[in-house]
Amino acid sequence: MKRYTVAIPEDLKKEIDDLPDINWTQVAKESIEKKIHLLEEFEKYERSRGN
């Protein structure tokens with residue numbers, strides 16, 4: 001598995017630190033996967049419209 005480093009604002013880091021029971025790596029992974037899926041679906045839609 002590859003590693004990917006993400007910079008986040010300090011205030012967001014503090015909020016993350018306040019919720020230590022959350023698997024933030026998993027949250028980020030699922031969010032990225034969802035965004036990729038949405039972009040793929042959008043591209044399919046655009047192609048089906050002939051654009």
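1. Starting with charge: the protein chain carries 10 positive and 12 negative side chains, and the centres of the two sets sit 7 Å apart. Keep in mind throughout that this is a predicted model.

2. Some of that charge shows up as a patch. Glu10, Asp11, Glu15 and Asp18 make up a negative patch on the surface. Asp11 belongs to helix 1, which runs over residues 10-17. With a relative accessible area of 53%, Asp11 counts as exposed, because the cut-off for exposed is over 50%.

3. There's a nonpolar patch on the surface too, built from Tyr4, Val6, Ile8 and Leu12, and together they offer about 430 Å² of accessible area. Tyr4 comes from the segment before helix 1. Its relative accessible area is 73%, so Tyr4 is exposed as well.

4. What about the overall fold? The protein chain has two helices and zero strands. Its radius of gyration is 16 Å, well over the 10 Å that the globule rule gives for 51 residues, so the chain is more spread out than a compact globule. Along the principal axes, the C-alpha trace covers about 45 × 25 × 20 Å.

5. How much of the protein chain is buried? Just 2% of the 51 residues are, where buried means under 20% relative accessible area.

6. Last, the surface in total: the accessible surface of the protein chain is about 5,300 Å², and carbon and sulfur atoms account for 55% of that.

Notes: Residues are numbered from 1 along each chain as its sequence is written. This is a predicted model: local features need pLDDT of at least 70, side-chain atom pairs count only at pLDDT 80 or more; totals for chains, interfaces and linings use all residues. Side-chain values use heavy atoms; hydrogens and water are left out. Helices (H or I, at least four residues) and strands (E, at least two) are DSSP runs, numbered from the N terminus. The radius of gyration is taken over C-alpha atoms; the globule rule is 2.2 Å times the number of residues to the power 0.38. Buried means under 20% relative accessible area, exposed over 50%, partly exposed in between (1.4 Å probe, protein chains only). Accessible areas come from the Shrake-Rupley method with a 1.4 Å probe; for residues, only the protein chains shown count as cover. Lys and Arg count as positive and Asp and Glu as negative; His and the chain ends are not counted. The place of a charge is taken as NZ of Lys, CZ of Arg, CG of Asp or CD of Glu. Patches are made of residues with over 30% relative accessible area and no salt bridge: like charges are joined within 9 Å, nonpolar side chains (Val, Leu, Ile, Met, Phe, Trp, Tyr) within 5 Å. A salt bridge is a side-chain nitrogen of Lys or Arg within 4 Å of a carboxyl oxygen of Asp or Glu.
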